[in-house]
Amino acid sequence: MTTTATAPALRVAGVVYVVCQWVPAAILVVFLVASLLLSGAQVTAAGSPAWDQVVPFPVFPVPVWLLLVPAVIGLGAALTWALTARPEEAPALTGAIGPTVAAAMAPGFFILAHLGADDAPPYGYVLAVTAISLAVIVAASVIAGARATAARHESPKGEA
């Protein structure tokens with residue numbers, strides 16, 4: 001049976017995808033907490049510190065590649081997972097939407113944080129890749145859900 005041969009690859013693709021989505025979210029949380037503690041709660045280039053700074057804004061630079069690499073790997077994992085998903089994986093695919101939205105918050109925040117700065121990094125690339133991943137996962141979730149519903153309706157009444 002071929003389903004047992006593909007099951008580990010599906011689990012790996014799903015795990016890789018979700019981990020890649022949590023990386024940017026974790027970077028954002030660390031940046032915000034560090035800004036709160038060390039740069040007087042200044043979280044944007046245009047903002048001002050609420051109290052004395054230990055370290056000037058930004059507390060640490062977040063290079064685009066640090067967000068782009070997990071986004072691109074995540075997109076590859078999303079495509080793999082979406083193309084090989086089985087109907088029973090619909091809940092897992094749907095559950096991956098939340099981490100993807102969290103991942104999109106990071107480049108979105110960093111775009112806003114650097115508005116008006118002369119040397120603003122191009123975080124838009126990361127946001128675009130993450131948006132594509134979100135579209136892939138939403139589509140895969142809808143398709144897998146529809147297949148699961150169809151399979152339930154096709155099964156004999158005693159098996160559902």
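Which residues of α5 are buried? The legends below take that up, along with other close-ups.

**Figure 1. Helix α5 and its buried residues.** This is a predicted model, in which local features need pLDDT of at least 70 and side-chain atom pairs count only at pLDDT 80 or more, while totals for chains, interfaces and linings use all residues. Residues are numbered from 1 along each chain as its sequence is written, and side-chain values use heavy atoms, with hydrogens and water left out. The buried residues of α5 are Val126, Val129, Thr130, Ser133, Val136, Ile137, Ala140, Ser141, Ala144 and Ala148. Here, buried means under 20% relative accessible area, exposed means over 50%, and partly exposed lies in between (1.4 Å probe, protein chains only). Helices (H or I, at least four residues) and strands (E, at least two) are DSSP runs, numbered from the N terminus. From first C-alpha to last, the 31 residues of α5 reach 45 Å, close to the 45 Å expected at 1.5 Å a residue. That expected span is 1.5 Å times one less than the number of residues in the helix.

**Figure 2. Confidence along the chain.** The mean pLDDT of the protein chain is 88, and 90% of the residues score at least 70. pLDDT is the predictor's confidence in each residue, from 0 to 100. Within the protein chain, α2 has the highest mean, 95, and α1 the lowest, 83.

**Figure 3. Helix α2 and the largest nonpolar core.** Helix α2 covers residues 64-84, and its 21 residues reach 30 Å between the first and last C-alpha, close to the 30 Å expected at 1.5 Å a residue. Buried along α2 are Val64, Leu67, Pro70, Ala71, Gly74, Leu75, Ala77, Ala78 and Trp81. The largest nonpolar core has 29 residues, and the members touching the most others are Tyr17, Val62, Leu67, Trp81, Leu93, Phe110 and Ile137. At least two residues of this core come from each of α1 (2-38), α2, α3 (90-95), α4 (97-113) and α5 (124-154). With seven residues, α2 gives the most to this core. A nonpolar core is a set of buried Ala, Val, Leu, Ile, Met, Phe, Trp, Tyr and Cys residues joined through side-chain atoms within 4.5 Å.

**Figure 4. Helix α4 and a link to alanine 131.** The 17 residues of α4 reach 24 Å from first C-alpha to last, close to the 24 Å expected at 1.5 Å a residue. Its buried residues are Pro99, Thr100, Ala103, Ala106, Pro107, Phe109, Phe110 and Ala113. Valine 101 also belongs to α4, and counts as partly exposed because its relative accessible area is 35%. Its C-alpha is separated by 8.6 Å from that of alanine 131, 30 residues apart along the chain.

**Figure 5. Two residues of helix α1.** Cysteine 20 lies in α1 and counts as buried because its relative accessibility is 9%. The C-alpha atoms of cysteine 20 and valine 136 are separated by 15 Å, with their positions 116 residues apart along the chain. Valine 12 is found in α1 too, but counts as exposed because its relative accessible area is 52%. Valine 12 and alanine 77 are 8.5 Å apart, C-alpha to C-alpha, and 65 residues apart in sequence.

**Figure 6. A salt-bridge network at arginine 86.** Two salt bridges turn up in a search of the whole structure. A salt bridge is a side-chain nitrogen of Lys or Arg within 4 Å of a carboxyl oxygen of Asp or Glu. Arginine 86 meets glutamate 88 at 2.9 Å, N to O, and glutamate 89 with the closest N and O atoms 3.9 Å apart. Together, Arg86, Glu88 and Glu89 are linked in a network. Arginine 86 and glutamate 89 are buried, whereas glutamate 88 counts as exposed because its relative accessibility is 54%.

**Figure 7. Backbone features in the loop between α1 and α2.** Phenylalanine 57 and proline 58 are joined by a cis peptide bond, with omega about -10°. Proline 58 lies in this loop, as does alanine 41. The phi of alanine 41 is near 70°, a positive value in a residue other than glycine. Most residues other than glycine have a negative phi, and most peptide bonds are trans.
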